[in-house]
Each structure stands twice: as C-alpha cells, then as structure tokens.
Amino acid sequence: MSLPAFLHPNLLGVAEGDVVSLSGAEGRHAVTVKRLEPGERVLLVHAPPEIDRSSEGIFAEATVTETRGKDELIASVEKVGKTPEPNPRVTVVQAIPKSERSELAIDLATQAGADEFIAWQADRCIAKWDGKKAPKALAKWQSQAHAAAKQSRRTRVPFAHGPLTTPQLVQHLSQRDNALVYVLHEDATESIKDVPLTTDGDATTELILLIGPEGGIGDEELQTLQAAGAQAIKLGSEVLRTASAAMVALAAIGVRTSRW
C-alpha cells in the first residue's frame with residue numbers, strides 16, 4: 001500500500017536521518033484528519049509556495065516520531081530521492097471552462113500527469129477571468145492541482161499560471177519555439193497516435209497541448225494558432241468535454257512514450 005502523501009514547503013538540503021516538521025494546513029490534515037501516530041510512515045513531497053521548477057520531484061520517506069497539538073507532525077527522514085523529469089514534459093493550455101468543470105479539468109489532468117497548466121482565455125470561453133477574478137480563480141486551480149497530486153501520490157506537482165488571451169498565448173509559444181505544439185480539434189485529419197511526441201536526442205521534449213473551450217475553437221482562432229506553430233490533431237471520432245480532453249490525451253501520450 002502506498003504511503004499517505006503530504007506537501008512540504010521546503011525539502012531542499014534534507015538528508016537521511018534529519019528530523020523535519022510538517023505544520024500548517026498539511027500538518028493539520030496529517031494530525032487531525034488522518035490521525036497519524038508515531039511509528040507510521042509518510043511520503044513528503046517538495047512543493048514550495050512559489051514553485052521552483054528546478055527543484056521539482058524531490059521527495060522524502062519518513063517515519064512519524066511525534067505530533068504536537070492539532071497541526072504539527074515531526075518525522076525522521078529515512079530516504080530522500082528525486083523522480084526524473086518525464087519525457088516528454090507536457091504543458092496543458094486549458095481554455096477556461098465554466099463553473100465546476102474548471103477545477104475538474106485540473107483535477108483529471110493532474111492525475112493523468114500534466115506538468116504545467118496555462119489558463120487560456122480563448123475567444124469562445126464562456127467564463128471570463130477579469131483582473132479581479134483571475135488571481136482567485138488561478139489559486140483554485142493550483143489548490144486543485146495540489147490536492148490531485150497528493151491523491152495520486154505524485155512527487156512532481158504541476159503549477160498553474162496565466163490567464164493568457166490568444167494573442168498572448170501566441171507570444172508565449174514564440175518563446176518556446178523548440179516545443180511540439182498540438183491543438184486538439186474535432187476537424188483535424190491527423191490522429192494523436194500518428195504524430196511525433198518526442199524529438200530526437202537525449203534532451204527532454206517540451207510538448208504543449210491546447211484544449212479548447214466548450215464552444216470549440218473557431219476557424220480564425222485556429223488559423224492564428226497554426227500560424228504560431230500549432231498542429232491540429234484529434235483523439236478519435238468522439239468529441240470530448242473540455243474538462244476530460246487533456247486527461248484522455250495524456251493517457252494516449254503515456255502509452256506512446258516512456259512516461260508510462
């Protein structure tokens with residue numbers, strides 16, 4: 001049985017034999033909700049408040065030595081490791097869904113292995129993240145990614161940023177010109193099973209998946225994305241909901257690459 005996982009704000013420099021403390025919301029969850037006791041083992045995952053991509057994948061397996069109050073757990077580290085970066089590394093550009101489907105999209109894609117999320121204010125998005133709403137909405141995405149990463153025992157926690165309009169997204173893609181960029185579209189002729197998912201060489205491939213909104217991606221917007229280097233592909237004959245499309249695509253990528 002896998003160990004219960006908790007996110008730790010800083011495991012940098014932690015070594016076998018060190019004693020670490022887990023407090024705050026994660027400590028409360030461990031002590032008050034999970035009711036962990038001395039002798040039980042846990043998985044601690046490095047997840048700083050400001051995600052540092054260079055330190056992703058750090059984890060520690062530890063044994064609880066004591067609890068303090070309702071929200072602090074003390075544990076002795078038995079093992080420290082770092083999971084290798086997946087190849088390809090997948091960024092999901094998710095057009096902002098409406099209502100509850102927004103966080104569902106992040107939940108499912110995180111469980112399926114997404115490494116990064118970019119909120120996309122596509123032309124046909126029903127939901128609108130204005131200046132005041134965006135920080136709170138983005139924080140909900142990050143919170144959902146954290147929760148899903150814990151549930152699926154991931155040692156690499158995806159991070160979310162944005163939102164970007166389509167012109168801003170085009171500019172962003174120009175800065176990641178070595179990435180493979182695919183936009184899921186129901187009218188595409190090429191399938192995800194036929195297109196390249198990694199590039200030649202030993203370097204990690206950056207793969208960017210663009211997921212459209214409930215109303216789909218219009219012809220003009222699709223042409224703009226294609227001019228920026230995106231290639232339209234399809235997952236199959238079915239038209240998937242925006243909340244589940246990334247999860248299905250990530251499953252296909254996992255099968256076709258060394259990610260799985």
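**Entry 1: a salt-bridge network**

I began with R89, which forms a salt bridge with E116; their closest N and O atoms are 3.0 Å apart. The model I am reading is a predicted one. The R89–E116 pair links distant parts of the chain, with R89 in strand β6 (residues 89–95) and E116 in strand β7, 27 residues apart. I then looked up the burial of the two residues and found both R89 and E116 buried.

Which other side chain meets E116 in a salt bridge? I found R176, at 3.3 Å from N to O. R176 sits in the loop between α4 (166–174) and β9 (180–184), and 60 residues separate R176 from E116 in strand β7. For E116 I noted a relative accessible area of 2%, so E116 is buried. R176 has 16% relative accessibility and also counts as buried, because the cut-off for that class is under 20%. I traced the shared partners further and recorded one network of salt bridges that joins E85, R89, E116, R176 and E206.

I searched the whole structure for salt bridges and recorded 15.

**Entry 2: strand β4 and T67**

I next examined E66 and R68, whose side chains meet in a salt bridge of 3.3 Å, N to O. Are these two residues buried or partly exposed? E66 is partly exposed, with a relative accessible area of 32%, and R68 is partly exposed at 39%.

I then turned to T67, which I located in strand β4. The relative accessible area of T67 is 31%, so T67 is classed as partly exposed. Leaving aside neighbours within four places in sequence, I listed V31, L36 and E72 as the contacts of T67. For V31 I also noted the spacing: T67 and V31 are 36 residues apart in sequence, while their C-alpha atoms are 6.8 Å apart in space.

**Entry 3: the two domains**

I recorded the division of the chain into domain 1 (5–83) and domain 2 (89–256). The contact between them takes 16 residues from domain 1 and 11 residues from domain 2. I noted that the C-alpha centres of the two domains lie 30 Å apart.

How much area do domain 1 and domain 2 bury between them? I found about 1200 Å², with 56% of it on carbon and sulfur atoms.

I looked for salt bridges between domain 1 and domain 2 and counted two. I also looked up R156 and E56, whose side chains meet in a salt bridge at 3.6 Å, N to O. Between the domains I recorded five residue pairs in polar contact. On the side of domain 1 that touches domain 2, the elements that give two or more residues are β1 (5–8), α1 (24–33), β3 (41–46) and β4 (58–68). Of these, β1 gives the most, with three residues. I sorted the residues of that side of domain 1 into nine nonpolar, three polar and four charged.

**Entry 4: R124**

I closed with R124, in the loop between β7 (116–121) and α3 (133–151). R124 has a relative accessibility of 44%, so R124 counts as partly exposed. Which residues does R124 touch, not counting those up to four places away in sequence? I listed P213, G215, G216, I217 and G218.

P213 lies 89 residues from R124 along the chain, yet the C-alpha atoms of the two are separated by 6.4 Å. I noted one polar approach as well: the side chain of R124 reaches the backbone oxygen of G215 at 2.9 Å.

Methods
Residues numbered from 1 in each chain as written. Predicted model: local features only at pLDDT ≥ 70, side-chain atom pairs only at ≥ 80, totals over all residues. Heavy atoms only, no water. Domains from an automatic or database assignment. Contact = heavy atoms within 4.5 Å. Buried area = accessible area lost by both parts, 1.4 Å probe. Salt bridge = Lys/Arg side-chain N within 4 Å of Asp/Glu carboxyl O. Polar contact = N/O pair within 3.5 Å; in protein donor to acceptor, adjacent residues only side chain to side chain. Helix = DSSP H or I, 4+ residues; strand = E, 2+ residues; numbered from the N terminus. Nonpolar A, V, L, I, M, F, W, Y, C, P; charged D, E, K, R; others polar. Buried < 20%, exposed > 50% of the residue type's maximum accessible area, 1.4 Å probe, protein only.
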